[in-house]
Each structure stands twice: as C-alpha cells, then as structure tokens.
Amino acid sequence: MSSEVLSKLGIKEFDLVRAHLRDGTTLDGVVLPRPGVGDPNVVILKLDNGYNVGIHVSNIERVEVLGHVESRSAVSIPIGQFVKAESTGLPRVRLVATGGTIMSKVDYRTGAVYPSFSLEDLYAMYPEIKGIADVELLNLMAIFSEDMTPRRWAEIAEAAYRAFLDGVSGVVVLHGTDTMHYTAAALSFAIRNPPGPIALVGSQRSSDRPSSDAFENMLAAVLVGARVPFAGSYIVMHASTNDGLIAVHRGTRVRKMHTSRRDTFISINDRPVAYVDINKLEIVMNTNNYTPRSRVEDTVLMNRFDERTALVKFYPGMDPEILHFLIDRGYHGIVIEGTGFGHVREELLDPIKRAIDSGIPVVMTSQTIFGRVNLNVYRRGVELMKLGVIPAEDMLPEVAFVKLSWVLGQTRDLSEVRRLMLTPVAGELNPRSDVGTYILGPELPRR
C-alpha cells in the first residue's frame, strides 16, 4: 500500500492497530510494509495467529492505533561463514546452507522474516537439537532453488566431503524444495562410499506460518545426521500432511509431487529407507536395503558434472529441430522423457541417429514416472534400441539427467557412458518396479 493510503487512515508501517471493517468485523494486527507487487490500496496486517491478511481500504471503516513496534533491518549473512559447535561429546552434524527459508527467523513483533545464521538463533528456533548433536553451520551459498546448477552441485558435494574428512557424523543440506531432488541425486553420485548420511531438508511453508513444516523437518534431519546406521544422500521431509512423522527418502528415488503439500516428496518405485518419529525422537527403519556407514578413508569425491547435458520432454508433434538444435549447439548428452515404455514420434529417429553417430549419448526415460522403460515391447522401442538409445530402466527422468551429467563429467567415450548408465551406482536402478507403491500410495509405519 502507498504511504498516501496509510496517511489517510492515520497509520504507518509497524503500527499495532485495530481495524474496524464495514461488515462489523474487527481485526488486530501489525501493519506490514507493502510488497513490490499487488494492489496498492490493500493494507496488510500480521495477525496474532501468525497469518497475514490483506484488507482493501474500501472495506475499512476506521482504524485505531493501539501502539507501535520497532522494525529492524534484515541480517546480512556472509557467504562462506562457518561457525563451529561447542563440543559436548554428542555426534557432530554440519549444516550446509544453500538457500531457502528454513533458516529464517520470524520477529512476531513486526511479522517480518529475517535470515538468521547463528548458533544462538538456531537453538532458539530448534532447542531440541541441543540434545541430539553438536551442530556446526556453514553458509555455502544463498540462492533460490531454481537457480541451482551442476556447478553448484559440485560445490555442495565438496563441502559435504570436507565435512566428512573433518570427522562429522552427518551433513544436513538446507535447500529449497523445488529442485531438491536433483541435488539429492547429484550428491548420491558425487560422493562415493560416504561415511555417513547427507540429509537434504527444506520447508514447504515458511516459518512465519502456524502450519510450517520447518521445525519438524529440521529436527528430523539433524537426528538422521547424528544417529542413522546408513550412509548416502537422502531427502528428509514430512511423510504426510500431519505432523509427527518424517520420511527419509533415498536421493535417487524421490521426486517432488505437489506444489504446496507438506508431504510433497514421495519415493518412486521404492519405499522410504526410514521414518523419524518426532514425538519419540526415534529412527524407524523401513527396509534393510541400505548402504551402511563406511570408513572415511574409503570416501572418494567425484564431483565433476557436464553442464552440456539436456533433459527434453517429448510431446505429440514435437519438432525434430529441437534435437538438431541441441546437437548443433554442442551438447554432450541428451535425456528424453518419452511416452509409456519410452517412445517418441517417428520424425525424431533421424536426429537421434545423428546425435549418436556424432558421439552424443541419448538416454530414454518415461514421463509416466512409475514403472520402467522397456524398448523391446513395441516396434518403435526396437527401432530406438537399434539406433543405440540407452534405456534408463526405472530411473526417474531427473535422476537420469543428473547421472548422465555426472557420467559425462568422468568420460565422453560412448561405450563407457552406456556401461555406466546401465550400472547401479547409488540405488538409482532397481531390477524390478513395485507397482503396489503406485496403486496403494506410500506405506506409513504404525506408531
């Protein structure tokens, strides 16, 4: 809202007010600064329950000023800042921040959300953590999830690797949710034989909302880093829309499946490795199929990714020029999301052949998500096989894209690329797909 609108109402930003509406309703709240977009004639109040509400001035009869609260400027978080934990004898867990709102702190006097990166604020937000682990903080980067790149995957992998060399029990990566499953897959491939877990965690709802999932997700992620018997990359987020149970998804088997639900992440063609019972602060194992912790001496960092890798979704009538464009622009690998068992239209066969003949591997996945690619069922699949297309079996398209980028970071030899793509590295390939997971939905343990 403009300053003129506030002035006419006799109020200013961060006033504590009582708004009397024309329908007889009264609302108490703090006047918040207007965002850069939206109707300038809307007054935004932060209510006591934590929610923001917008009220058009035409609906306001009068406003009482009850008081004023002091605002403060947002805290600037230096990139690269590291804060070491005070040793208490508990397992050491290093938090690596990459962005997102999970480390933001709410000042309920003003209703504003401030980026916070200190042990004091962390323990104030999550006091239970003190009894679980000695927490260290590394502010590696501060980006939106959609600004993540293969080069940044490499940076995160190196930070996690160095944390393990430094003797931590586990690493927790704070990450925006939209591309979290890409990063989880990347870390699965980039750190071979890790001595502990890398738990990626975020929140679907910001911490200024009463329904925020940030607290339980963070608590569970630290618990995973400190106590689980397994190693590798995992996403640790709500198992259902209710509180109390957090799922631990394998990093190469998980996908974001909803824009806003707290249980947005689901294991695909697999089941969560474990659950965290928040009320009991216990790890509930869900399978025996996991990689145990190993010696740090056996850990190898292989964090080279080829940024000239493309992921393309096939659609009816797709123009072959799209693939020709990628070839002409010097891309090193192409992953296609085909239909069903992994099919594309006949007109794409020529550019696919041209790519493979030029030494550019083409990997076929399925946009159906569940199930697996099988190029031996229909004629089109057989034609693709004869051209040398690599079937991605039951790999998710995003995982196949990440893996091809990683494989091309190690070798450009076409036969070696095929061998590595078809070799299980980090649980990304299963010999069979569990249709029941698709029909019945995620299986939650009894508590």
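Helices (H or I, at least four residues) and strands (E, at least two) are DSSP runs, numbered from the N terminus. The model is predicted, so local features need pLDDT of at least 70 and side-chain atom pairs count only at pLDDT 80 or more, while totals for chains, interfaces and linings use all residues. Residues are numbered from 1 along each chain as its sequence is written, and side-chain values use heavy atoms, with hydrogens and water left out.

The loop between β17 (265–267) and β18 (274–277) holds Asn269. This residue is not a glycine, yet Asn269 has a positive phi of about 55°. Asn269 counts as buried, at 3% relative accessibility; buried means under 20% relative accessible area, exposed over 50%, and partly exposed in between (1.4 Å probe, protein chains only).

The loop leads into β18, which is covered on both faces: Ala274 and Val276 on one side, and Tyr275 and Asp277 on the other, are all buried. Strands of a sheet pair through backbone hydrogen bonds, either parallel or antiparallel. Two strands are taken as paired if DSSP finds at least two bridges between them. Strand β15 (residues 245–250) runs antiparallel to β18 and is joined to β18 by four bridges, with Asp277 in β18 as the bridge partner of Leu245. β18 also pairs with strand β19 (residues 282–285), in the antiparallel sense and over four bridges; here Val276 has Ile283 of β19 as its bridge partner. β18 and β19 form a hairpin with four residues between them, and in the turn Leu281 has a positive phi of about 50°.

Further along the chain there is an open sheet of four strands, in the order β21-β22-β23-β24 and with parallel pairing. β21 (309–313) and β24 (390–391) are at the edges with a single partner strand each, so one side of each has no neighbour in the sheet. Two bridges join β23 to the parallel β24, and Met364 has Pro391 in β24 as its bridge partner.

Between β23 and α8 is a loop that contains Ile369. Ile369 has a positive phi of about 75° although it is not a glycine, and Ile369 is buried, with a relative accessible area of 13%.

Helix α8 (residues 379–387) follows, with Arg380, Gly381 and Leu384 buried. Down the axis of α8 the buried residues fall within an arc of 100°, so they line one face of the helix; the arc is that of the directions from the helix axis to the C-beta atoms. Arg379 and Lys386 are exposed on the other side of α8. The buried residues of α8 pack against α7 (349–357) and β23 (362–366), where contact means heavy atoms within 4.5 Å. Just after α8, Gly388 takes a positive phi of about 105°.

Two cavities of 30 Å³ or more are found in a search of the whole structure. A cavity is a set of points, on a 1 Å grid over the protein atoms alone, where a 1.4 Å probe fits but cannot get out, and lining residues have an atom within 4 Å of a point. The largest cavity holds about 50 Å³ of space. It is lined by 13 residues, of which Ser366, Ile369, Gly371, Glu393 and Met395 are the closest to its centre.

The second largest cavity holds about 30 Å³ of space. Its lining consists of Ile11, Val17, Ala19, Val43, Leu45, Ile55, Ile60 and Val63. β1 (15–21), β3 (42–47) and β5 (60–68) each supply at least two residues of this lining.

How values were computed: On a 1 Å grid over the protein atoms alone, a cavity is a set of points where a 1.4 Å probe fits but cannot get out, and a pocket is an open set with protein on both sides within 12 Å along at least five of seven lines; lining residues have an atom within 4 Å of a point. Grid points are joined across faces, edges and corners, and a volume is the space filled by probe spheres set on the points.
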